[in-house]
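Welcome to a short set of exercises with worked solutions. Keep the viewer open, try each task on your own, and then compare your steps with the ones below.

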Amino acid sequence: MEELPERLDRTPEIHPEIEDEWDDCSAVGLVHVDSALRITVTNSAFRELAAVGHAESIGLSFPDFFRPTPRPSLREHFDALMTGRQPGFSVPLTLVDATGRAADCRLTCVRITPAPRPGACAALATVVPDTPPGVRTVAAPVVLGEVPAQILEGVAYGLSTQQLASRLALSSHGVDYHVGAMLRKLDVPNRSALVARAYALGILVPHCWPPRVRPRHTARRPAPAGTARADPTDGPRPDRPDPARDQAG
């Protein structure tokens, strides 16, 4: 979100003692809202997720932190909650923080006061991001060139730099260059982590041996006109690791 949600006119009640207790006990985003859906209490986990400071978060319209959804909308869920038509709700949403960064999460809310006075805490909300704090993600799908894809398959198979260089007619420095580029691209420190992250991101086909890179993650050369394009997951490729050949080499 480019701007913070608009702050409503009436100032809600503030409860610093609750905030202190929350900050000590939870890594989940916690928010109290009043009957007008204004924020009255937040913990540090929510403020970090929403990229807002403590003072500026109080009084903001809580639903405005989330992207609009098809009906029932978030405000309709809250209306049913506040009027007692439902005791709580849990929905997947996308939170957009003050810098414009979006994060998928699950919002769960329960009513805590049957008939709240104006400004009093009326509902407790928990915000759990799909990706836990500290876990890094790749913003866009990773696409590897043909040679890096072959090298990744070989690294996952356990081939050494010298074996890869021999197979691909590259120098050892050339292999190390491509490996280093992939380490930076996937933001990992070594070859073992590279393979693990490639599987985690779906770049390498799971439950497949020898390892193969998925077609959508490679920039293969176009097939000659009139030639059917082979799917690398459908059969052996001549450049895939060959146990007999590589052991002999």
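Before you start, note that this is a predicted model.

**Exercise 1. Work out whether the length of helix 7 fits its residue count, and find what its buried residues pack against.**

Solution.
- Step 1: Helix 7 covers residues 172–186, which is 15 residues. At 1.5 Å a residue, the expected span is 21 Å.
- Step 2: The C-alpha atoms at its ends are 21 Å apart, in agreement with that expectation.
- Step 3: Now look for the covered positions. Gly 174, Val 175, Val 179, Gly 180, Met 182, Leu 183 and Leu 186 are buried.
- Step 4: A helix has 3.6 residues a turn, so residues three or four places apart point the same way.
- Step 5: The partners of the buried residues are strand 6 (144–145), helix 5 (146–157), helix 6 (161–168) and helix 8 (191–200).
- Step 6: Just after helix 7 comes Asp 187, with a positive phi near 55 degrees.

**Exercise 2. Describe the surroundings of strand 1: which strands pair with it, and which of its residues are buried?**

Solution.
- Step 1: Start with burial. Six of the six residues in strand 1 (residues 29–34) are buried.
- Step 2: Split them by face. Gly 29, Val 31 and Val 33 lie on one side, with Leu 30, His 32 and Asp 34 on the other, so both faces are covered.
- Step 3: Take the partners in turn. Strand 5 (residues 121–129) runs antiparallel to strand 1 and is joined to it by six bridges; here Leu 30 stands opposite Thr 126.
- Step 4: Strand 2 (residues 39–42) is also antiparallel to strand 1, through three bridges, and His 32 faces Val 41 there.
- Step 5: Strands 1 and 2 make a hairpin with four residues between them, and Leu 37 in the turn has a positive phi of about 65 degrees.

**Exercise 3. Find the largest nonpolar core and the elements that build it.**

Solution.
- Step 1: The largest nonpolar core has 28 residues, and Phe 46, Phe 62, Phe 66, Phe 78, Leu 107 and Val 127 have the most contacts inside it.
- Step 2: Two or more residues come from each of strand 1, helix 2 (44–50), helix 4 (74–82), strand 3 (88–96), strand 4 (102–111) and strand 5.
- Step 3: Zoom in on Phe 66. Beyond residues up to four places away in sequence, Phe 66 touches Leu 74, Leu 93, Thr 94, Leu 95, Cys 105, Leu 107 and Val 127.
- Step 4: A second, separate core has 24 residues, including Leu 144, Val 188, Ile 203 and Val 213.

**Exercise 4. Examine three salt bridges and say how exposed their partners are.**

Solution.
- Step 1: The structure holds five salt bridges. One of them links Arg 75 and Asp 64, at 3.3 Å from N to O.
- Step 2: Arg 75 is in helix 4 and Asp 64 in the loop between helix 3 (54–57) and helix 4, so the pair ties together parts eleven residues apart in sequence.
- Step 3: Arg 75, at 42% relative accessible area, is partly exposed, as is Asp 64, at 37%.
- Step 4: Arg 101 and Asp 97 form another salt bridge, with their closest N and O atoms 3.1 Å apart. Arg 101 is exposed because its relative accessibility of 52% is over 50%, whereas Asp 97 is buried at 1%.
- Step 5: Asp 176 and Arg 191 meet at 3.3 Å, N to O. This pair ties helix 7 to helix 8, across 15 residues of sequence.

Methods:
Residues numbered from 1 in each chain as written. Predicted model: local features only at pLDDT ≥ 70, side-chain atom pairs only at ≥ 80, totals over all residues. Heavy atoms only, no water. Expected span 1.5 Å × (residues − 1). Buried < 20%, exposed > 50% of the residue type's maximum accessible area, 1.4 Å probe, protein only. Contact = heavy atoms within 4.5 Å. Pairing = 2+ DSSP bridges. Core = buried A, V, L, I, M, F, W, Y, C linked by side-chain atoms within 4.5 Å. Salt bridge = Lys/Arg side-chain N within 4 Å of Asp/Glu carboxyl O.
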